Amino acid sequence: MTDLERLESLKTALGGSIVEITNPARRRIFVTVDRANLAAVMTTLRDRLGFIYIATISGVDAGEAYEILYHMADAHGNVNIRIRVPKADGHVTSITPIIPGAIFYERELQDMFGLVVDGLPDPRPLIMPDDWPAGNYPLRKDWKFERPAEIIPGGKK
Amino acid sequence: MKFNLPIGPQHPALKEPISLRMTVEGEVIRDADLRLGYNHRGLEKLAEEKNWTQNIYLVERICGICSHSHSTCYVQGVEKLMEIEPPKRGAYIRYLVSELERIHSHLLWLGVAGHEAGFDSFFMYTWRDREVVMDLLEMISGNRVHYAMNTLGGVRRDLDGTLIRKILDGLVVLKQRTEYYFKLGASEPTFVGRLAGVGYLSKEKAIALSAVGPMARASGITADVRKDDPHAVYDEVPFDVCSADSCDVLGRTVVRIKELFESYKICEFLLKNLPAGDIAVKAPKKAKPNEVVSRYEAPRGENIHYIKSNGTDKPERLKVRAPTLANYPAAIEMLKNGFIADIPLIFAAIDPCICCAERTVELVNARSGEERIVRFSELRKLAGERFEKSPVKRNVEWPF
């Protein structure tokens, strides 16, 4: 399948949900969709175009909003679904009910960006330690690491 | 009566030490739960503060076994961002090292599988033969583990005629040895019997859980990034995608042995058709604002880097997904309904790094609350004893 055929099939299947579709390199397609349509888009991709494999989910801190990319792939190349989530309302719909393999990537997204993934079957922290202070989300651009003062239990004051 | 059996969290044999908490009913594992992050180094955040060149050496240190995989995946993405292309000779040398790395990683895995199955001679043979390829890598790059071959726009070291001959000679030895392993299964029914049926992962589950690499290919999925998304030299090189449909540890062994032969073939092709010319072009300091998705078939499966540039000499965002993370959901699935005695083997089947195989497992008896600390070697001994007493599975055959 060439990229042109792939673009056509995506346009036919997703129709009005597409905000923007680009093909910057061979076998790489970026589709921007509205975040409200995410679950519908993923269901269509899985059922009509056979995208069941998710490579990973990337979050990017893009100033006023977070950009989230769902990197899907099949035997003909790679399709990336992009949504934008405003910082004031950091909620995303979970795609784990549609693609079960996405669970770790969505949990990672919660840990790293402080987004809330609605409908996630297992929302516990994945990477951060149990005593990690609340409200610290390392991959936000405004987060800076400050080494906490070392306290030795029973040590000198 | 159900028991909880925690493994980890200190688990240095994995790239990320993990904590596995298993619910067991007698000998049978009913449920497994995973806790990650004990070795999280904040590498993606750190990458945003380093420049393009410094990051090559940073991503190379993600893993000790597939170090070249990460740096190649990163470098081929950044080259697209900078709109440069490595010269043909540079690309051939880069992917030659990739394939040699795959050979050393698969030989390492075969040894681990033999060790966990209680077949230590196999482990010693494969690891002795692995030294051949390790020596070749050292001759090419000067290093055994972190080759530091990649640079933006090509590779850092060239090959000369003597070296090419030495590599070809080494490949002949490796091929002979691998043919021996190939025949070994047929004459060693206990080994085949131990691997067959362990760690079952159905094709449907493997697809649903997005498993990658030899794990997916052993469940009958013919996905290989080198074929599906041929990066750099892979559309010029003849090779086949290897798969098996037995969906168990035996299948994973078969896939890896077959892949060894394919890698020898690729290496020979690359060496015999090595074009003349430069090995690298000069790379600019900065990259225009853009984004790229770079995919690479590492020994353990698909490796994917998402890189976004913002016009400076540092990346805006570098997202790394190593294949082991993608295989964890499938590993949980494989542990379910397996035996405690099979844990080492199933664990080895997802191909964790084996920097340190001795570790402690804590067995908790829920009825009495009594805790028992067992060394990993003891657990393996228990596994050995259990299978020494059990009858040989006569109906299983070496699938070659």
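In this predicted model, strand 6 and strand 7 (residues 301-309) of chain B pair in the antiparallel sense, and 9 bridges link them. One of these links can be followed residue by residue: B:Val292 has B:Ile307, in strand 7 of chain B, as its bridge partner. As a reminder for newcomers, the strands of a sheet pair through backbone hydrogen bonds, and this pairing may be either parallel or antiparallel.

The pair belongs to an open sheet of 3 strands in chain B, which has the order 6-7-8 and antiparallel pairing. Strand 6 (290-298) and strand 8 (315-321) of chain B stand at the edges with a single partner strand each, so one side of each has no neighbour in the sheet. On average, neighbouring strands of this sheet are turned by 15 degrees against each other when direction is ignored. A helix accompanies these strands: helix 12 (residues 323-335) of chain B lies across strand 6, strand 7 and strand 8 of chain B. With respect to strand 7 of chain B, helix 12 of chain B runs at about 125 degrees.

Stepping back to the whole of chain B, one can count 14 helices and 10 strands. Chain B has 400 residues, of which 48% count as buried. For contacts in chain B between residues at least 6 apart in sequence, 69% join residues at least 24 apart.

Attention now turns to chain A, which has 3 helices and 7 strands. Along the sequence of chain A, these elements follow the pattern α-β-β-α-β-β-β-β-α-β. The C-alpha trace of chain A spans about 70 × 30 × 25 Å along its principal axes. Of the 157 residues in chain A, 37% count as buried. Among contacts in chain A between residues at least 6 apart in sequence, 47% join residues at least 24 apart.

Chain A also contains an open sheet, built from 5 strands in the order 1-2-5-4-3 with mixed pairing. At its edges stand strand 1 (18-25) and strand 3 (53-62) of chain A; each has a single partner strand, so one side of each is left without a neighbour in the sheet. Here, neighbouring strands are turned by 20 degrees against each other on average, direction ignored. The edge strand 3 of chain A runs antiparallel to strand 4 (residues 65-74) of chain A, and 9 bridges join the two. Within this pairing, A:Gly59 has A:Ile68 in strand 4 of chain A as its bridge partner. Towards the other edge, helix 1 (residues 3-14) of chain A lies across strand 1, strand 2 (28-33) and strand 5 (77-86) of chain A. That helix runs at about 170 degrees to strand 1 of chain A.

Finally, the two chains can be viewed together. Their contact takes 26 residues from chain B and 26 residues from chain A. On the side of chain B that touches chain A, the elements giving two or more residues are helix 1 (43-47), helix 8 (203-208), strand 6, strand 7, strand 8 and helix 12 of chain B. The strands and the helix described at the start of this passage thus reappear in the contact. Strand 7 of chain B gives the most to this side, with 4 residues. By residue type, the side of chain B that touches chain A divides into 11 nonpolar, 4 polar and 11 charged residues.

Methods
Residues are numbered from 1 along each chain as its sequence is written. Chains are lettered from A and ligands numbered from 1 in the order in which they are written. This is a predicted model: local features need pLDDT of at least 70, side-chain atom pairs count only at pLDDT 80 or more; totals for chains, interfaces and linings use all residues. A residue is buried if 20 or more other C-beta atoms lie within 10 Å of its own, exposed if 12 or fewer, and partly exposed in between; C-beta atoms are placed from the backbone. Two residues are in contact if their C-beta atoms, placed from the backbone, lie within 7 Å. Two strands pair if DSSP finds at least two bridges between them. Axes are lines fitted to C-alpha atoms, for helices over the stretch in contact, and angles run from 0 to 180 degrees between N-to-C directions. Ala, Val, Leu, Ile, Met, Phe, Trp, Tyr, Cys and Pro count as nonpolar, Asp, Glu, Lys and Arg as charged, and the others, Gly among them, as polar.
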